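Work through these exercises with the structure in view. Try each task before you read its solution.

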Amino acid sequence: MSTLNCHESTRAVRAGLESDQQHGAVVPALHLSSNFTFERLGVPRQYDYTRSGNPTRDTLADALSDLEEGAGASVTCSGMAAITLACQLLNPGDLLLAPHDCYGGTYRLFQTLAARGQFDVVFVNQNDAGALQTAFARGPAMVWIETPSNPLLRIVDIAALSRQAKAVGALVFVDNTFLSPALQKPLQLGADLVVHSTTKYLNGHSDVVGGAVVAKDSALAASIRDWSNCLGLTGAPFDSFLTLRGLRTLGARLRCHEENARCIALLLDGDDRIRAVHYPGLASHEGHALAARQQAGFGGMVSFELDDNQVCVRTFAENLNFFSLAESLGGVESLVCHPSTMTHAALSDEAKRVAGITEGLIRLSVGIECGDDLVADLQQALALSTVNATQARAG
Ligand code: PLP
């Protein structure tokens, strides 16, 4: 039966099922082979070499392209590989307009390649109309959007920024890692390309590092595919197989992530020991109305600011039982992270200050455990951390 007209959770579950002609296997086979025989001399089959093409990787690429409503996708060996592919569409002298508070690895890659003359980059607060106007006056060739941003969950208007970009002929990329196509469809909002760290929600089980680029039109999709083969950035078949398995539960997982995140955001918001809570689902969040308009949900990431006393942050992060102190996000398990010393350590002190990444900022990737357990755990760690911080100050 065709899956064209069904809901995307159904499409994610059904992706590639029953495609095996030989045995009628329900789940698509995993093709680990690095090479494929030619039918005869000069007559290759559909696949010849796994760096260039592989059936398992293509099944995942087709599923991602379908969910993002694109014309084609390339699956890469990491999210950073996907972002590296994006950079190949820029030439020396081209200007990249990037957000001032994007993922630290993205910031570092753009800054390093720009320093070597591969292109120019300007980092801008994309919610500052004046700064945007100045940057657009320089005629950017590419606009990079990351919304919600990592780690402060700021929201950027994809449709408005895409319109501005189109007016100067710039390509628009959106890093959709934080929401996945289950909760946000950038190509429908005017973007040209979407990138993912599939390491996060798309795989969802913290056991694969991978990425993807999805293009709105087939010419861009072909160009990205060529670069991916040329640079050797394509994803491994086994990783693709695992990611496809994770993808099948995307909708169910995200509903649970979001339900838990909402409870936690409300708990933190009502606690006067917390200086600020950043969760787009809270009516008090600066981007709440925009998020409600352009997203199908608010996602599972919450960040908040504790007293930036080191004792307070350390005691909190080290005394949680159900939040592992680790980087990454989007897995079924809850994680706690200190962006300043972990995910965003690559930023200079000045870049952190400009992006608003303080020493007291904590980021939670809220998992799918029982929400009551997570709330109780946060409450006990908060109680300990504030007692310790008060004692340290008194001492
Ligand atoms: N984009 C975002 C928003 C991320 O958070 C990350 C990693 O944390 C990346 C891209 C890079 O992905 P990867 O670690 O899979 O290379």
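**Exercise 1. Find the bridge partner of Phe304 in E12, then place E12 in its sheet.**

Solution.

Step 1. The partner of Phe304 across the bridge is Ile362 in E12. Strands here are DSSP runs of type E with at least two residues, helices are H or I runs of at least four, and both are numbered from the N terminus. The model is predicted: local features need pLDDT of at least 70, side-chain atom pairs count only at pLDDT 80 or more, and totals for chains, interfaces and linings use all residues. Residues are numbered from 1 along each chain as its sequence is written, and side-chain values use heavy atoms, with hydrogens and water left out.

Step 2. Look at the strand that pairs with E12 through Met301. Met301 has Ser365 as its bridge partner in E12. Strand E9 (residues 301–305) and E12 run antiparallel, joined by five bridges. Two strands pair if DSSP finds at least two bridges between them.

Step 3. Turn to strand E11 (residues 335–337). E11 pairs with E12 over three bridges, also in the antiparallel sense. Here Val336 has Leu364 as its bridge partner in E12.

Step 4. Assemble the sheet. The order is E8-E9-E12-E11-E10, an open sheet of five strands with mixed pairing. Strand E8 (276–278) and strand E10 (324–325) are the edges, and each pairs on one side only.

**Exercise 2. Which residues of E12 point one way, and which the other way?**

Solution.

Step 1. Recall the rule. In a regular strand the side chains alternate between the two faces of the sheet.

Step 2. Apply it. Leu361, Arg363 and Ser365 point one way, while Ile362 and Leu364 point the other way.

Step 3. Check the cover. Five of the five residues in E12 (residues 361–365) are buried. Buried means under 20% relative accessible area; exposed is over 50%, and partly exposed lies in between (1.4 Å probe, protein chains only).

**Exercise 3. Why does Leu64 count as buried, and what does it touch?**

Solution.

Step 1. Locate Leu64: helix H2 holds it.

Step 2. Leu64 counts as buried because its relative accessibility is 2%.

Step 3. List the contacts, meaning heavy atoms within 4.5 Å. Neighbours within four places in sequence aside, Leu64 is in contact with Val75, Thr198, Leu202, Ala212, Val214 and Leu247.

Step 4. Follow Leu247. Leu247 is among the buried residues of helix H8 (residues 237–247). The cover over the buried residues of H8 includes helix H2 (55–68) and helix H9 (250–269).

**Exercise 4. Describe how H3 meets H4.**

Solution.

Step 1. Know what to report. Two packed helices are described by the angle between their axes and the distance between the axes.

Step 2. The axes of helix H3 (residues 79–87) and helix H4 (residues 104–115) come within 11 Å and cross at roughly 35 degrees. Axes are lines fitted to C-alpha atoms, for helices over the stretch in contact, and angles run from 0 to 180 degrees between N-to-C directions.

Step 3. Name the residues. Met80, Ile83, Thr84 and Cys87 in H3 meet Gly105, Thr106, Leu109, Phe110 and Leu113 in H4.
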